[in-house]
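Dear colleague,

I am passing on the structure below, together with notes on one of its sheets and one of its pockets. Please read the notes with the coordinates open beside you.

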Amino acid sequence: MPLMKFANVLLEHNARAVNYPSLYCRSTQPVVFLPDSDAWELHGEGEYDFSTYFNALSINKLNTYTNAQKYYLHLELKGASCEVVQTTSDRFSSSPIVLDATKRTVEKSDSFTALDIELTTNKDTILVGFIIRTTGPVQIKNSYYSVSTDQPLKEIELVLATTTFKKEKYITSNIDLVKSEILDSADPIADHFNMHVIDNGRTLDSSALENEHIHIHPNQNVGGAGGFTYGMILAKEQKPKATHVLLMDDDVAVSPESIKRTYNLLRIVNKDYSEAMISGAMLNYGIADQQWEDTGYMTPLGSFSPAKQPLYLSRFEDIVYNETFRIPKNIRDTNARYAAWWYCCIPISTIEENGLPLPYFVRCDDAEYGVRCNKPFMTMNSICIWHESFHVRYNAAVERYQTTRNTLIAKFTTGFGANSDFMYELKNNVRLELKKYGYKNASLVLDAFEDFMKGPDFYSEIGIAEKTFMEANKKKEAMVPFSELEKQAREMGIEGFSIDDIDRQLIAGDKPRSISQRLIDFITDNKQRILTGDGSGFAVIPVHGWEYPAGAIRGKKYLIVIDWYNRMGCIRTKDAEKYAKLLKRYKADVKQYKKCEKELAEAYSNSRPTVTSDEFWKRYLGI
């Protein structure tokens, strides 16, 4: 049976590993990198548990996805005498189960000693790991898990495609990691890997970054959707032709080991998952052990949502839960699950079968494509990226314009979100913004709705995706630094506002309302219709459009919107006339939509073969 190295025992020397070491090893002593010997030192007498997010082997997932038959651990150790013992877990494990019968002793040595162990598993095994108990300092290097299979290893040509727009710091760092940890490694992936960087900002120095496996492609600004599509086309047409393309955002941190394990997983995947996409989890860039999303889905009310709740991956019970989580029936039945393109590996055969993405610029391209292709997803502990969390980068032009327009286009073009009520989401977003005096942002929702009703020829016109997004960015309310915000408040005669009196608790707070107050607010939208009034005073609220601090804002004349993370804010003023004008516009738009809904559905559906074709996209991209 073929034997393949599947996962290196991973220890990293970067800020993330220093601040969150229990993603790699839980220990009673430090673990220190020794650059001169390319080894790591378990720094003194103690216990070092490698049953962690990156270093526990995902037996349950491997048994599900692959032809794996048996599992092995290879260690190379030197230094003080030590014991090595295997750990395991079942579905209810809150800490590793130590298998004392597997204990192996390594004598003190001044040279590295190799230790090979066949791992003990059964049908209930979820994870396996190992613990090293030392009597003094011990060095470890060249250690890994391997897998035997009952089928020949598959021939895989993997392309990493990433799109960047003036984010040189992130992309050059990831290119350097690919060069040093993948292309210069002894792992088989090195000879079967190419990286295509689509440079939408035309700011990268290709002469300094390119080599025979890394390619920089200067491009017009066609957004993430256009850039990733360019990467798909390159993957299909390169020599040798790729078997899979891994789409990855530019503004992420990644461990090269995640990419290696992705490649290795593809080499041993079984028949049931041969057409599956591999979805990398999104971990929080600022809180590196916090998992935000591990595949998502479209809710019945038309919003994006993670398929599972946030987890903390330094906790053993959470990494077990992460591997055993079953997608709930209500999500499975809607056929609305997707893998985000911060890290998503797609078979080229799937692209050839289902066509290319829609020309969106940004937002919903990945969700629509995942649902359209309707393939299984593979997820696994250790296959991930780190990305800034959503609340850090809220953008009304994306959330109010792009999301509204693109979800409707997707539903009408390919049947995306068939069980999601995007018209409810549109109505709810307009009303949320109006209640919070966010008149500019409400107007963006209606701009999106009206652009959608212009039909497929409008949104797919070359250059229009960038133009409409830039216009939305200009129209959204302008956020200013805190110092300017205080100045604006003084000039507007707002008394009692000082940033020195504001904190996160106040920003996130709300006030209770009586039943009669709730009824009045519902009928009048905070006295902007029927019983109108100017209001008085101010309230401080968070920037995120989905928040609705109803008690805090009722009766106020001014709302001071705070983006505390970026130290920015703006001031909204209650205006019943603007409210009435936008509400009238909304009603007129809905009336127009009902008149042309059938015609729009036919036009968008008929456009699908064109806008997802190679010919359209090559013309669109200027290839």
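How many nonpolar, polar and charged residues does the lining of the second largest pocket have? Please bear in mind that this is a predicted model; in it, that lining has 19 nonpolar residues, together with 12 polar and 12 charged ones. The pocket itself, the second largest, has a volume of about 1,300 Å³. It is lined by 43 residues, of which Leu10, Leu11, Glu12, Glu181 and Pro256 are the closest to its centre. Two or more lining residues come from each of strand S1 (3–8), helix H1 (15–19), strand S11 (138–149), helix H3 (168–183) and helix H6, and the largest share, eight residues, is the contribution of H3.

Helix H6 also leads to the sheet, since this helix, residues 256–268, lies across strands S12 (158–164), S13, S15 (244–249), S16 (277–279), S23 (343–347) and S24, and runs at about 25° to S23.

The sheet is an open one of seven strands with mixed pairing, in the order S14-S13-S12-S15-S23-S16-S24. Strands S14 (214–218) and S24 (377–378) stand at its edges and have a single partner strand each, which means that one side of each is left without a neighbour in the sheet. The partnership of S14 with S13 (residues 193–199) is parallel and extends over five bridges; within that pair, Met195 has Ile214 of S14 as its bridge partner.

With best regards

Definitions and conventions. Residues are numbered from 1 along each chain as its sequence is written. This is a predicted model: local features need pLDDT of at least 70, side-chain atom pairs count only at pLDDT 80 or more; totals for chains, interfaces and linings use all residues. Side-chain values use heavy atoms; hydrogens and water are left out. Two strands pair if DSSP finds at least two bridges between them. Helices (H or I, at least four residues) and strands (E, at least two) are DSSP runs, numbered from the N terminus. Contact means heavy atoms within 4.5 Å. Axes are lines fitted to C-alpha atoms, for helices over the stretch in contact, and angles run from 0 to 180 degrees between N-to-C directions. On a 1 Å grid over the protein atoms alone, a cavity is a set of points where a 1.4 Å probe fits but cannot get out, and a pocket is an open set with protein on both sides within 12 Å along at least five of seven lines; lining residues have an atom within 4 Å of a point. Grid points are joined across faces, edges and corners, and a volume is the space filled by probe spheres set on the points. Ala, Val, Leu, Ile, Met, Phe, Trp, Tyr, Cys and Pro count as nonpolar, Asp, Glu, Lys and Arg as charged, and the others, Gly among them, as polar.
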